[in-house]
Amino acid sequence: MMMVKLTARQRSQLPTCYYEGYLTKRSFKDKTSRKLWTCLCGNTLFFFNEKRNTEYIEKVDLRGFVSITDDSSQDRNLDAARFNLQLKEENIRFTALNLEARELWKGYIRSVVELAVPASINLLPGQIQTLKETVEKEEARINNASPPVVTNNAAPVSLQGDKPACYHNVTRLEAELLLEREAVRGNMLLRPGSAGSSFAVTTRQHLEGSIIRHYRVTPKHTGGFLIDVDNPVLCATLHDVIHYLVEKSDGVLTPLIFEETYEKNISFISKDCENGESSLQQALTSLGPPSAPPKKVEEKEKEMDSLSAAPLQPPKKAIMPPVPAPRRLLPSPSSTNGDQKMRVVTEPQGQIPLAAMSELKLKFGQISRC
């Protein structure tokens, strides 16, 4: 039977969500159509009453997938688009919000089931690339969830598969104490088993005192996990182990999950300089990007020192055009003799040279004889 109805299931326990949105669902068992928030997690469709709900109410296992086809019948909402999901045991009719949403649902479902992007799909290149990434994630999830293949009857190694949110790395005694201390949050958890790669489920209920039970969960070499009871129950994944126990207990067994909370505002403790009292303050948040921090005084002083230490360069002279050199005239022979006479007459210190004196005396003597 592919359709499973659950009570009190947490969204945080589900595998990775590949695609989600509102779908109107109607199967042979449903008397009326219902608009449900639908999540494709792993190879399973999970249905919620509203988007904000954390507990899903139904799920459809896609391992019984046969085909998915368009439904051309008209709907009162002209923008709506119908398609049929054919499984081995039933046929489910869905109505998407529009044609694009229908193509996306068909593409994601076929990609997860067939582990390949369908060739005949009317989507944009970016959407097709997202489908390829979804196929890679689903292949990795399947490989991690499946136990390793062992030979020579060797014991299987420790598994690091996809564990549910109620898994806690505690011992048998620590599990009992944890369930007793956190009874308000849940009464069932998954923990490591005592046989290496095995697991165990510990439950705690109250009936005139505490009733604690431990169930061994062992991985099978051929795949899946076995709940080791009088009538062993084989489940595909550890998630299915927890789902099975919740279903069989009609929701009485509740997984113990710690949901981490985070602050919504930035706060700090401030001390008043006047009265010395300390109080919790909230930082003012701005929509713009944070401004750069101001420079410290020391950094400013270093910059001033580096500028003052740099040698001062003299100002550059203005480049003037070259001035032509004056032309020199060659002296003529006549001017040369005149210059020489002038040099003889105008000797330094106003004195007549001895050769000239002797020549003058000789001329004056000749004149006197005449």
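**Loops and cysteines up close**

Q: Between which two strands is the loop where Ile57 is found?
A: Heads up: we're looking at a predicted model here. In it, Ile57 sits in a loop, and that loop runs between strand E4 (44-48) and strand E5 (58-61).

Q: Is Ile57 buried, partly exposed or exposed?
A: Buried would need a relative accessible area under 20%, and exposed would need over 50%. Ile57 comes in at 21%, so the label that fits is partly exposed.

Q: How many Å separate the C-alpha atoms of Ile57 and Leu36?
A: Along the chain, these two are 21 residues apart. In space, the gap between their C-alpha atoms is 9.7 Å.

Q: How many disulfides does the structure hold?
A: A disulfide takes two cysteine sulfurs within 2.5 Å of each other. Take Cys39: its closest cysteine sulfur belongs to Cys17 and is 4.4 Å away, which is too far for a bond. For the whole structure, the disulfide count is zero.

Q: Which counts as exposed, Cys39 or Cys273?
A: You need over 50% relative accessible area to be called exposed. Cys39 has just 2%, so Cys39 is buried. At 81%, the exposed one is Cys273.

Q: Which residue's side chain does the side chain of Glu182 join through a polar contact of 3.1 Å?
A: Glu182 lies in the loop between helix H3 (172-181) and strand E9 (188-192), and is buried at 18%. Setting aside neighbours within four places in sequence, Glu182 is in contact with Leu256 and Phe258. The 3.1 Å polar contact, though, links the Glu182 side chain to that of Arg185.

Methods: Residues numbered from 1 in each chain as written. Predicted model: local features only at pLDDT ≥ 70, side-chain atom pairs only at ≥ 80, totals over all residues. Heavy atoms only, no water. Buried < 20%, exposed > 50% of the residue type's maximum accessible area, 1.4 Å probe, protein only. Helix = DSSP H or I, 4+ residues; strand = E, 2+ residues; numbered from the N terminus. Polar contact = N/O pair within 3.5 Å; in protein donor to acceptor, adjacent residues only side chain to side chain. Contact = heavy atoms within 4.5 Å.
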